[in-house]
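Here is a friendly tour of one chain, from its sheet to its core and one buried polar spot. Please keep the viewer open as you read.

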Amino acid sequence: MKNSLYLKRYVEMHPDNKMAWYLLGKEYEQAGEQGKANYCYNRAEEVYEAFELSKVPSDIWKNYEARLLQMEKEREKRRRRMRRMLLALMLLLLAFIPAVKAPGVPSSPEEILASINSLELADPGADREAASPSRRGPLFTAVAAKAQAAGAGGGPESTGPLPALLSSPDQLPPWSVALGMERSGDWLRWSRDMPRLYGVHRASSGAIAIEPYEGAAAECVCEPADSSSLKQAAAKWADLQLETAVLSEAASQFRARHGRLPHSLDELTQPFPDNWLAGRSPAMEAMFDPLMEHLAGLAGRPEEDGVEAPLGQWGTSPDGLPYFTEPLEVIIDRKHHRLAVVSGSILIRNYEVGLGGAKTPLGQFQIDVKVVNPNGTTKGPYGTRGMQLSDTDYAIHGTYDLDSIGANESEGCIRMSIADVEELFDLVPMGTPVKIQDGGLPGEPLVPKERFKLKLAKGQQNPSEEYHWLD
(Lines give C-alpha, C1' and ligand atoms only; values in the text may rest on other atoms or scores of the structure.)
Protein backbone atom coordinates (compact mmCIF):
# COMPACT_ATOMS: atom_id res chain seq x y z
CA MET A 1 0.00 0.00 0.00
CA LYS A 2 2.98 2.33 -0.46
CA ASN A 3 1.14 4.25 -3.18
CA SER A 4 -2.29 4.35 -1.54
CA LEU A 5 -1.60 7.50 0.46
CA TYR A 6 -0.86 9.50 -2.67
CA LEU A 7 -3.77 7.95 -4.57
CA LYS A 8 -6.22 8.61 -1.72
CA ARG A 9 -5.09 12.22 -1.57
CA TYR A 10 -5.45 12.49 -5.32
CA VAL A 11 -9.03 11.16 -5.47
CA GLU A 12 -9.97 13.50 -2.61
CA MET A 13 -8.81 16.39 -4.78
CA HIS A 14 -10.13 14.91 -8.05
CA PRO A 15 -13.21 12.79 -7.17
CA ASP A 16 -14.31 12.69 -10.83
CA ASN A 17 -11.11 11.06 -12.07
CA LYS A 18 -12.22 7.49 -12.69
CA MET A 19 -8.75 6.26 -13.60
CA ALA A 20 -7.46 7.34 -10.17
CA TRP A 21 -10.29 5.43 -8.49
CA TYR A 22 -9.39 2.36 -10.52
CA LEU A 23 -5.72 2.59 -9.49
CA LEU A 24 -6.63 3.02 -5.84
CA GLY A 25 -8.86 -0.04 -6.12
CA LYS A 26 -5.91 -2.05 -7.45
CA GLU A 27 -3.86 -1.00 -4.42
CA TYR A 28 -6.60 -2.12 -2.04
CA GLU A 29 -7.06 -5.38 -3.92
CA GLN A 30 -3.35 -6.20 -3.69
CA ALA A 31 -3.52 -5.50 0.05
CA GLY A 32 -6.44 -7.93 0.45
CA GLU A 33 -9.02 -5.21 1.25
CA GLN A 34 -11.58 -6.33 -1.33
CA GLY A 35 -14.46 -4.30 0.11
CA LYS A 36 -12.58 -1.04 -0.33
CA ALA A 37 -11.38 -2.20 -3.73
CA ASN A 38 -14.96 -2.86 -4.88
CA TYR A 39 -16.03 0.61 -3.75
CA CYS A 40 -13.23 2.16 -5.80
CA TYR A 41 -14.08 0.00 -8.84
CA ASN A 42 -17.70 1.17 -8.64
CA ARG A 43 -16.50 4.77 -8.67
CA ALA A 44 -14.25 3.94 -11.64
CA GLU A 45 -17.27 2.82 -13.75
CA GLU A 46 -16.33 2.34 -17.43
CA VAL A 47 -12.60 2.59 -16.71
CA TYR A 48 -12.86 -0.61 -14.67
CA GLU A 49 -14.70 -2.26 -17.54
CA ALA A 50 -12.06 -1.11 -20.00
CA PHE A 51 -9.10 -2.47 -18.09
CA GLU A 52 -10.63 -5.57 -16.51
CA LEU A 53 -13.26 -6.94 -18.88
CA SER A 54 -11.80 -5.71 -22.17
CA LYS A 55 -8.35 -7.04 -21.30
CA VAL A 56 -6.53 -3.81 -22.11
CA PRO A 57 -2.75 -4.35 -21.69
CA SER A 58 -1.71 -3.69 -18.09
CA ASP A 59 1.31 -1.62 -19.05
CA ILE A 60 -1.02 1.18 -20.15
CA TRP A 61 -2.52 1.68 -16.70
CA LYS A 62 0.83 1.05 -15.00
CA ASN A 63 2.42 3.85 -17.02
CA TYR A 64 -0.55 6.07 -16.17
CA GLU A 65 -0.17 5.19 -12.47
CA ALA A 66 3.54 5.99 -12.48
CA ARG A 67 2.83 9.36 -14.07
CA LEU A 68 0.00 10.15 -11.66
CA LEU A 69 2.08 9.17 -8.60
CA GLN A 70 5.01 11.26 -9.79
CA MET A 71 2.74 14.27 -10.26
CA GLU A 72 1.15 13.82 -6.83
CA LYS A 73 4.53 13.42 -5.12
CA GLU A 74 5.82 16.58 -6.81
CA ARG A 75 2.68 18.45 -5.74
CA GLU A 76 3.20 17.22 -2.18
CA LYS A 77 6.79 18.50 -2.23
CA ARG A 78 5.60 21.86 -3.51
CA ARG A 79 2.92 21.99 -0.81
CA ARG A 80 5.46 21.30 1.90
CA ARG A 81 7.87 23.93 0.61
CA MET A 82 5.04 26.43 0.32
CA ARG A 83 3.82 25.67 3.86
CA ARG A 84 7.29 26.15 5.30
CA MET A 85 7.63 29.44 3.42
CA LEU A 86 4.23 30.65 4.57
CA LEU A 87 4.90 29.59 8.13
CA ALA A 88 8.17 31.50 8.18
CA LEU A 89 6.52 34.53 6.61
CA MET A 90 3.61 34.58 9.05
CA LEU A 91 5.89 34.09 12.06
CA LEU A 92 7.94 37.00 10.78
CA LEU A 93 4.82 39.12 10.44
CA LEU A 94 3.67 38.18 13.94
CA ALA A 95 6.88 39.63 15.31
CA PHE A 96 5.86 43.05 13.99
CA ILE A 97 2.14 43.17 14.84
CA PRO A 98 0.56 44.14 18.16
CA ALA A 99 -0.29 41.50 20.73
CA VAL A 100 -4.02 42.26 20.46
CA LYS A 101 -5.55 39.78 18.03
CA ALA A 102 -7.24 41.33 15.02
CA PRO A 103 -10.39 39.64 13.68
CA GLY A 104 -9.55 36.87 11.23
CA VAL A 105 -5.79 36.97 11.91
CA PRO A 106 -4.31 33.74 13.36
CA SER A 107 -2.31 34.39 16.51
CA SER A 108 -1.19 30.95 17.69
CA PRO A 109 1.11 28.45 15.94
CA GLU A 110 -1.76 25.94 15.80
CA GLU A 111 -4.02 28.45 14.01
CA ILE A 112 -1.23 29.37 11.65
CA LEU A 113 -0.61 25.73 10.73
CA ALA A 114 -4.34 25.12 10.27
CA SER A 115 -4.66 28.05 7.89
CA ILE A 116 -1.60 26.93 5.93
CA ASN A 117 -2.82 23.31 5.68
CA SER A 118 -6.09 24.52 4.17
CA LEU A 119 -4.25 25.96 1.16
CA GLU A 120 -4.23 23.94 -2.08
CA LEU A 121 -1.85 24.74 -4.92
CA ALA A 122 -3.30 24.88 -8.41
CA ASP A 123 -2.10 22.20 -10.77
CA PRO A 124 0.38 24.02 -13.03
CA GLY A 125 -0.50 21.87 -16.03
CA ALA A 126 3.13 21.78 -17.08
CA ASP A 127 3.32 18.07 -16.20
CA ARG A 128 1.10 17.13 -19.14
CA GLU A 129 3.00 14.73 -21.36
CA ALA A 130 1.96 14.69 -25.00
CA ALA A 131 3.67 13.46 -28.11
CA SER A 132 4.26 15.82 -30.97
CA PRO A 133 1.28 15.81 -33.36
CA SER A 134 1.74 14.49 -36.86
CA ARG A 135 2.24 17.17 -39.50
CA ARG A 136 -0.66 15.73 -41.46
CA GLY A 137 -2.98 16.25 -38.54
CA PRO A 138 -4.88 13.66 -36.53
CA LEU A 139 -7.10 10.84 -37.69
CA PHE A 140 -10.51 11.11 -36.10
CA THR A 141 -12.92 8.53 -34.82
CA ALA A 142 -16.23 8.76 -32.96
CA VAL A 143 -17.11 6.81 -29.81
CA ALA A 144 -19.88 6.79 -27.23
CA ALA A 145 -19.34 9.81 -25.00
CA LYS A 146 -20.79 8.06 -21.93
CA ALA A 147 -21.29 4.49 -20.83
CA GLN A 148 -24.80 3.12 -21.19
CA ALA A 149 -26.79 2.35 -18.09
CA ALA A 150 -26.56 -1.15 -16.65
CA GLY A 151 -28.80 -3.73 -18.24
CA ALA A 152 -31.15 -6.18 -16.60
CA GLY A 153 -28.27 -8.49 -15.74
CA GLY A 154 -26.55 -5.75 -13.79
CA GLY A 155 -23.64 -5.30 -16.16
CA PRO A 156 -23.11 -2.30 -18.42
CA GLU A 157 -24.10 -2.72 -22.05
CA SER A 158 -21.35 -0.34 -23.18
CA THR A 159 -18.06 0.54 -21.56
CA GLY A 160 -17.62 4.03 -22.91
CA PRO A 161 -14.81 5.53 -24.96
CA LEU A 162 -11.75 4.05 -23.28
CA PRO A 163 -12.20 0.43 -24.46
CA ALA A 164 -12.74 1.65 -28.02
CA LEU A 165 -9.50 3.62 -27.86
CA LEU A 166 -7.31 1.12 -26.06
CA SER A 167 -8.57 -2.36 -26.97
CA SER A 168 -6.19 -2.48 -29.96
CA PRO A 169 -3.31 -0.18 -28.98
CA ASP A 170 -0.97 -1.66 -31.58
CA GLN A 171 -3.30 -0.43 -34.34
CA LEU A 172 -3.43 3.18 -33.21
CA PRO A 173 -1.95 5.75 -35.59
CA PRO A 174 0.68 8.20 -34.28
CA TRP A 175 -2.02 10.73 -33.45
CA SER A 176 -5.78 10.25 -33.31
CA VAL A 177 -8.65 12.19 -31.78
CA ALA A 178 -11.79 10.63 -30.32
CA LEU A 179 -15.07 12.53 -30.72
CA GLY A 180 -18.02 11.81 -28.47
CA MET A 181 -21.52 10.77 -29.55
CA GLU A 182 -24.21 11.26 -26.92
CA ARG A 183 -26.75 8.50 -26.34
CA SER A 184 -30.46 8.78 -26.98
CA GLY A 185 -32.02 5.55 -25.78
CA ASP A 186 -30.42 2.77 -27.82
CA TRP A 187 -29.06 5.21 -30.38
CA LEU A 188 -25.84 7.19 -30.70
CA ARG A 189 -26.41 10.71 -32.04
CA TRP A 190 -24.18 11.75 -34.95
CA SER A 191 -23.24 15.41 -35.32
CA ARG A 192 -20.62 17.57 -37.01
CA ASP A 193 -20.19 19.29 -33.63
CA MET A 194 -19.30 16.26 -31.52
CA PRO A 195 -17.16 17.23 -28.51
CA ARG A 196 -13.49 16.33 -28.59
CA LEU A 197 -12.83 13.75 -25.85
CA TYR A 198 -9.26 12.51 -26.11
CA GLY A 199 -6.10 12.90 -28.12
CA VAL A 200 -4.25 9.60 -28.28
CA HIS A 201 -0.55 9.73 -29.14
CA ARG A 202 1.49 6.63 -29.88
CA ALA A 203 5.27 7.03 -29.90
CA SER A 204 7.55 4.98 -32.14
CA SER A 205 8.55 3.02 -29.02
CA GLY A 206 4.94 1.89 -28.64
CA ALA A 207 4.24 4.01 -25.54
CA ILE A 208 0.75 5.54 -25.49
CA ALA A 209 -0.17 8.93 -24.04
CA ILE A 210 -3.81 9.95 -23.58
CA GLU A 211 -4.49 13.69 -23.54
CA PRO A 212 -7.99 14.57 -22.30
CA TYR A 213 -9.81 17.47 -23.95
CA GLU A 214 -12.74 19.57 -22.75
CA GLY A 215 -15.30 16.88 -23.61
CA ALA A 216 -13.70 14.45 -21.15
CA ALA A 217 -12.97 16.81 -18.28
CA ALA A 218 -14.07 14.23 -15.70
CA GLU A 219 -11.25 11.92 -16.79
CA CYS A 220 -8.53 14.57 -16.72
CA VAL A 221 -5.45 14.19 -14.54
CA CYS A 222 -5.05 17.97 -14.59
CA GLU A 223 -6.55 20.76 -16.62
CA PRO A 224 -7.95 19.45 -19.95
CA ALA A 225 -6.03 20.52 -23.02
CA ASP A 226 -7.58 23.14 -25.26
CA SER A 227 -8.83 21.47 -28.44
CA SER A 228 -10.56 24.47 -30.03
CA SER A 229 -8.07 24.38 -32.91
CA LEU A 230 -9.37 20.90 -33.78
CA LYS A 231 -13.03 21.89 -33.97
CA GLN A 232 -13.07 22.83 -37.64
CA ALA A 233 -11.05 19.77 -38.69
CA ALA A 234 -13.36 17.50 -36.69
CA ALA A 235 -16.44 19.01 -38.36
CA LYS A 236 -14.91 18.51 -41.80
CA TRP A 237 -14.13 14.91 -40.93
CA ALA A 238 -17.73 14.33 -39.84
CA ASP A 239 -18.99 15.84 -43.10
CA LEU A 240 -16.66 13.61 -45.11
CA GLN A 241 -17.83 10.48 -43.33
CA LEU A 242 -21.46 11.32 -44.09
CA GLU A 243 -20.72 12.05 -47.74
CA THR A 244 -18.82 8.77 -47.94
CA ALA A 245 -21.80 6.90 -46.47
CA VAL A 246 -24.23 8.47 -48.97
CA LEU A 247 -21.98 7.72 -51.95
CA SER A 248 -21.34 4.18 -50.71
CA GLU A 249 -25.08 3.54 -50.32
CA ALA A 250 -25.79 4.83 -53.84
CA ALA A 251 -23.04 2.64 -55.34
CA SER A 252 -24.25 -0.42 -53.42
CA GLN A 253 -27.85 0.06 -54.56
CA PHE A 254 -26.64 0.59 -58.14
CA ARG A 255 -24.71 -2.69 -57.93
CA ALA A 256 -27.77 -4.50 -56.53
CA ARG A 257 -29.71 -3.58 -59.68
CA HIS A 258 -27.01 -3.75 -62.36
CA GLY A 259 -24.68 -6.40 -60.95
CA ARG A 260 -21.66 -4.08 -61.00
CA LEU A 261 -20.38 -0.92 -59.40
CA PRO A 262 -20.76 2.39 -61.28
CA HIS A 263 -17.84 3.36 -63.50
CA SER A 264 -18.16 7.06 -62.72
CA LEU A 265 -20.04 9.49 -60.53
CA ASP A 266 -21.98 10.52 -63.65
CA GLU A 267 -23.69 7.12 -63.68
CA LEU A 268 -25.20 7.89 -60.28
CA THR A 269 -26.39 11.40 -61.16
CA GLN A 270 -28.26 10.75 -64.40
CA PRO A 271 -31.61 12.42 -65.14
CA PHE A 272 -34.81 10.80 -63.86
CA PRO A 273 -35.37 7.85 -63.43
CA ASP A 274 -31.66 7.00 -63.02
CA ASN A 275 -30.98 9.67 -60.42
CA TRP A 276 -29.52 7.39 -57.77
CA LEU A 277 -27.98 10.44 -56.16
CA ALA A 278 -29.64 13.84 -55.94
CA GLY A 279 -26.35 15.49 -56.83
CA ARG A 280 -22.66 15.58 -56.04
CA SER A 281 -20.03 17.34 -54.01
CA PRO A 282 -16.31 18.02 -54.53
CA ALA A 283 -15.51 15.43 -51.86
CA MET A 284 -17.57 12.78 -53.64
CA GLU A 285 -15.75 13.49 -56.89
CA ALA A 286 -12.38 13.16 -55.17
CA MET A 287 -13.21 10.02 -53.20
CA PHE A 288 -15.10 8.14 -55.95
CA ASP A 289 -12.24 6.03 -57.34
CA PRO A 290 -10.70 4.90 -54.02
CA LEU A 291 -14.16 4.21 -52.58
CA MET A 292 -15.13 2.03 -55.56
CA GLU A 293 -11.83 0.15 -55.20
CA HIS A 294 -12.65 -0.38 -51.53
CA LEU A 295 -16.18 -1.62 -52.28
CA ALA A 296 -14.87 -3.91 -55.02
CA GLY A 297 -12.37 -5.35 -52.55
CA LEU A 298 -15.09 -6.02 -49.98
CA ALA A 299 -17.14 -7.88 -52.59
CA GLY A 300 -14.24 -9.93 -53.91
CA ARG A 301 -12.69 -11.19 -50.69
CA PRO A 302 -13.93 -13.63 -48.02
CA GLU A 303 -15.15 -11.89 -44.90
CA GLU A 304 -12.53 -13.53 -42.69
CA ASP A 305 -9.72 -12.16 -44.86
CA GLY A 306 -10.40 -8.59 -43.80
CA VAL A 307 -10.63 -5.54 -46.00
CA GLU A 308 -8.64 -3.78 -48.66
CA ALA A 309 -6.29 -0.82 -48.39
CA PRO A 310 -7.37 2.31 -46.44
CA LEU A 311 -8.85 5.37 -48.09
CA GLY A 312 -6.37 7.96 -46.90
CA GLN A 313 -7.90 11.26 -45.81
CA TRP A 314 -11.45 9.94 -46.19
CA GLY A 315 -10.85 7.23 -43.63
CA THR A 316 -10.82 7.16 -39.87
CA SER A 317 -8.53 5.82 -37.19
CA PRO A 318 -7.23 3.29 -36.55
CA ASP A 319 -7.55 1.48 -39.90
CA GLY A 320 -8.16 4.34 -42.32
CA LEU A 321 -11.46 2.90 -43.58
CA PRO A 322 -14.80 4.77 -43.78
CA TYR A 323 -16.43 5.27 -40.40
CA PHE A 324 -19.92 4.09 -41.35
CA THR A 325 -19.80 0.35 -41.94
CA GLU A 326 -23.55 -0.33 -41.87
CA PRO A 327 -25.80 0.65 -44.82
CA LEU A 328 -28.09 3.64 -44.58
CA GLU A 329 -31.71 3.01 -43.66
CA VAL A 330 -34.82 5.13 -43.16
CA ILE A 331 -36.97 4.28 -40.13
CA ILE A 332 -40.43 5.78 -39.68
CA ASP A 333 -41.98 5.62 -36.21
CA ARG A 334 -45.78 5.94 -36.30
CA LYS A 335 -46.05 6.19 -32.52
CA HIS A 336 -43.76 9.20 -32.14
CA HIS A 337 -44.24 10.77 -35.60
CA ARG A 338 -40.55 10.51 -36.40
CA LEU A 339 -38.50 9.72 -39.48
CA ALA A 340 -34.85 8.85 -38.93
CA VAL A 341 -31.85 8.17 -41.14
CA VAL A 342 -29.64 5.61 -39.43
CA SER A 343 -26.55 3.50 -39.99
CA GLY A 344 -26.61 0.55 -37.63
CA SER A 345 -27.07 2.00 -34.14
CA ILE A 346 -26.02 5.53 -35.16
CA LEU A 347 -28.77 8.11 -35.51
CA ILE A 348 -27.80 10.51 -38.30
CA ARG A 349 -31.06 12.48 -38.54
CA ASN A 350 -34.37 12.42 -36.65
CA TYR A 351 -37.19 14.52 -38.15
CA GLU A 352 -40.74 15.18 -36.98
CA VAL A 353 -43.23 14.09 -39.67
CA GLY A 354 -46.93 14.00 -40.41
CA LEU A 355 -48.57 10.60 -40.89
CA GLY A 356 -51.93 8.96 -41.44
CA GLY A 357 -52.14 6.89 -38.28
CA ALA A 358 -53.25 3.35 -39.20
CA LYS A 359 -53.51 4.49 -42.85
CA THR A 360 -49.70 4.61 -42.96
CA PRO A 361 -48.80 0.93 -43.46
CA LEU A 362 -46.30 -0.96 -41.37
CA GLY A 363 -43.62 -2.97 -43.13
CA GLN A 364 -40.48 -2.94 -45.24
CA PHE A 365 -40.17 -0.78 -48.36
CA GLN A 366 -37.50 0.93 -50.40
CA ILE A 367 -37.22 4.23 -52.22
CA ASP A 368 -38.05 3.37 -55.84
CA VAL A 369 -38.67 6.86 -57.22
CA LYS A 370 -36.97 10.17 -56.43
CA VAL A 371 -38.49 13.19 -58.13
CA VAL A 372 -37.97 16.94 -57.86
CA ASN A 373 -41.13 19.10 -57.95
CA PRO A 374 -43.68 16.27 -58.26
CA ASN A 375 -46.27 16.96 -60.99
CA GLY A 376 -44.10 19.81 -62.26
CA THR A 377 -44.83 22.34 -59.54
CA THR A 378 -43.30 23.57 -56.30
CA LYS A 379 -46.68 24.63 -54.90
CA GLY A 380 -48.59 21.37 -55.09
CA PRO A 381 -49.60 19.12 -52.17
CA TYR A 382 -46.32 17.18 -52.43
CA GLY A 383 -44.02 20.18 -52.04
CA THR A 384 -40.65 20.28 -53.80
CA ARG A 385 -39.53 16.66 -53.33
CA GLY A 386 -41.13 13.22 -53.47
CA MET A 387 -39.77 9.72 -52.76
CA GLN A 388 -42.11 6.86 -53.60
CA LEU A 389 -42.06 3.76 -51.40
CA SER A 390 -41.65 0.63 -53.54
CA ASP A 391 -44.46 0.05 -56.07
CA THR A 392 -47.16 1.66 -53.93
CA ASP A 393 -49.19 4.85 -53.69
CA TYR A 394 -47.32 5.88 -50.55
CA ALA A 395 -44.51 8.40 -50.59
CA ILE A 396 -42.33 10.60 -48.43
CA HIS A 397 -42.92 14.14 -49.65
CA GLY A 398 -42.95 17.77 -48.64
CA THR A 399 -45.92 19.77 -47.42
CA TYR A 400 -46.80 23.40 -46.82
CA ASP A 401 -49.38 22.42 -44.21
CA LEU A 402 -47.00 22.65 -41.28
CA ASP A 403 -49.80 22.10 -38.76
CA SER A 404 -50.07 18.53 -40.03
CA ILE A 405 -46.47 17.77 -38.98
CA GLY A 406 -46.66 15.68 -35.83
CA ALA A 407 -50.31 14.77 -36.49
CA ASN A 408 -52.27 12.01 -38.27
CA GLU A 409 -53.90 13.98 -41.08
CA SER A 410 -52.58 12.33 -44.25
CA GLU A 411 -54.19 9.49 -46.19
CA GLY A 412 -51.10 7.38 -45.51
CA CYS A 413 -48.13 9.31 -46.89
CA ILE A 414 -45.31 10.70 -44.81
CA ARG A 415 -45.29 14.50 -44.76
CA MET A 416 -42.19 16.57 -44.05
CA SER A 417 -41.40 20.26 -43.95
CA ILE A 418 -39.82 21.57 -47.16
CA ALA A 419 -36.38 22.06 -45.53
CA ASP A 420 -36.45 18.54 -44.05
CA VAL A 421 -37.60 16.73 -47.19
CA GLU A 422 -35.03 18.53 -49.34
CA GLU A 423 -32.24 17.45 -47.00
CA LEU A 424 -33.59 13.89 -46.88
CA PHE A 425 -33.73 13.82 -50.68
CA ASP A 426 -29.99 14.57 -50.78
CA LEU A 427 -29.16 12.14 -47.97
CA VAL A 428 -30.84 8.92 -49.11
CA PRO A 429 -30.09 7.44 -52.55
CA MET A 430 -32.60 5.54 -54.65
CA GLY A 431 -32.98 2.00 -53.34
CA THR A 432 -32.46 2.93 -49.68
CA PRO A 433 -34.55 0.61 -47.47
CA VAL A 434 -37.43 2.12 -45.49
CA LYS A 435 -38.96 0.49 -42.41
CA ILE A 436 -42.28 1.70 -40.96
CA GLN A 437 -42.88 0.59 -37.40
CA ASP A 438 -44.57 1.55 -34.14
CA GLY A 439 -42.03 2.97 -31.68
CA GLY A 440 -38.28 2.64 -31.57
CA LEU A 441 -37.14 6.20 -32.24
CA PRO A 442 -36.38 8.87 -29.63
CA GLY A 443 -38.61 11.89 -29.35
CA GLU A 444 -35.75 14.41 -29.45
CA PRO A 445 -35.19 15.78 -32.96
CA LEU A 446 -31.77 15.58 -34.56
CA VAL A 447 -31.58 18.24 -37.27
CA PRO A 448 -28.39 20.27 -37.82
CA LYS A 449 -28.19 24.01 -38.32
CA GLU A 450 -26.11 23.47 -41.45
CA ARG A 451 -28.06 21.10 -43.67
CA PHE A 452 -26.53 18.31 -45.74
CA LYS A 453 -26.73 19.60 -49.30
CA LEU A 454 -25.47 18.35 -52.68
CA LYS A 455 -25.16 20.28 -55.89
CA LEU A 456 -28.42 19.24 -57.50
CA ALA A 457 -28.11 17.26 -60.72
CA LYS A 458 -30.22 18.32 -63.71
CA GLY A 459 -33.26 16.53 -65.10
CA GLN A 460 -34.78 15.12 -61.91
CA GLN A 461 -38.32 16.22 -62.66
CA ASN A 462 -40.76 13.87 -64.35
CA PRO A 463 -43.27 15.96 -66.32
CA SER A 464 -44.55 12.91 -68.23
CA GLU A 465 -46.31 11.43 -65.17
CA GLU A 466 -48.88 12.77 -62.74
CA TYR A 467 -48.51 11.31 -59.27
CA HIS A 468 -51.54 10.40 -57.17
CA TRP A 469 -49.91 9.47 -53.89
CA LEU A 470 -52.19 9.06 -50.87
CA ASP A 471 -51.47 12.45 -49.42
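Two strands pair if DSSP finds at least two bridges between them. The strands themselves (E, at least two residues) and the helices (H or I, at least four residues) are DSSP runs, numbered from the N terminus. This is a predicted model, in which local features need pLDDT of at least 70 and side-chain atom pairs count only at pLDDT 80 or more, while totals for chains, interfaces and linings use all residues. Residues are numbered from 1 along each chain as its sequence is written, and side-chain values use heavy atoms, with hydrogens and water left out.

**The hairpin and its sheet**

Let us begin with the hairpin formed by β12 and β13, which has five residues between the strands. In its turn, Ser 390 has a positive phi of about 50 degrees. Met 387 has Ile 396 of β13 as its bridge partner. Strand β13 sends Ala 395 and His 397 one way and Ile 396 and Gly 398 the other, and all are buried (under 20% relative accessible area with a 1.4 Å probe, protein chains only; exposed is over 50%, partly exposed in between).

The wider setting is an open sheet of 10 strands with mixed pairing, in the order β3-β4-β10-β9-β8-β15-β11-β12-β13-β14. Its edge strands, each pairing on one side only, are β3 (183–184) and β14 (414–416). Strands of a sheet pair through backbone hydrogen bonds, either parallel or antiparallel. Some of the pairings are listed here.

| Strands | Sense | Bridges |
|---|---|---|
| β8 (328–333) and β15 (433–437) | parallel | four |
| β11 (363–372) and β15 | antiparallel | four |
| β11 and β12 (385–389) | antiparallel | five |
| β12 and β13 | antiparallel | three |
| β13 and β14 | parallel | three |

If you want to check the register, Ile 331 has Lys 435 of β15 as its bridge partner, and Phe 365 has Val 434 of that strand. Further along, Ile 367 stands opposite Leu 389 in β12, and His 397 is partnered by Arg 415 in β14.

**A helix across the sheet, and the core**

Helix α8 lies across β8, β10 (346–352) and β15, running at about 95 degrees to β8; such angles run from 0 to 180 degrees between N-to-C directions, with axes fitted to C-alpha atoms, for helices over the stretch in contact.

The largest nonpolar core (buried Ala, Val, Leu, Ile, Met, Phe, Trp, Tyr and Cys residues joined through side-chain atoms within 4.5 Å) has 68 residues, and Trp 190, Leu 247 and Leu 339 touch the most other members. Helix α8 (residues 231–258) gives the most to this core, with 11 residues. Apart from it lies another core of 17 residues, including Tyr 28 and Phe 51.

Not counting residues up to four places away in sequence, Trp 190 touches, among others, Trp 237, Tyr 323 and Leu 446 (contact means heavy atoms within 4.5 Å).

**A buried serine**

Where does Ser 227 lie? This residue is in the loop between β6 (208–212) and α8. Ser 227 counts as buried because its relative accessibility is 0%. Its side chain makes polar contacts (N or O atoms within 3.5 Å; within protein, one must be able to donate a hydrogen and the other to accept it, and residues adjacent in sequence count only if both atoms are side-chain atoms) with the side chains of Arg 196 at 3.1 Å and Glu 214 at 2.6 Å.
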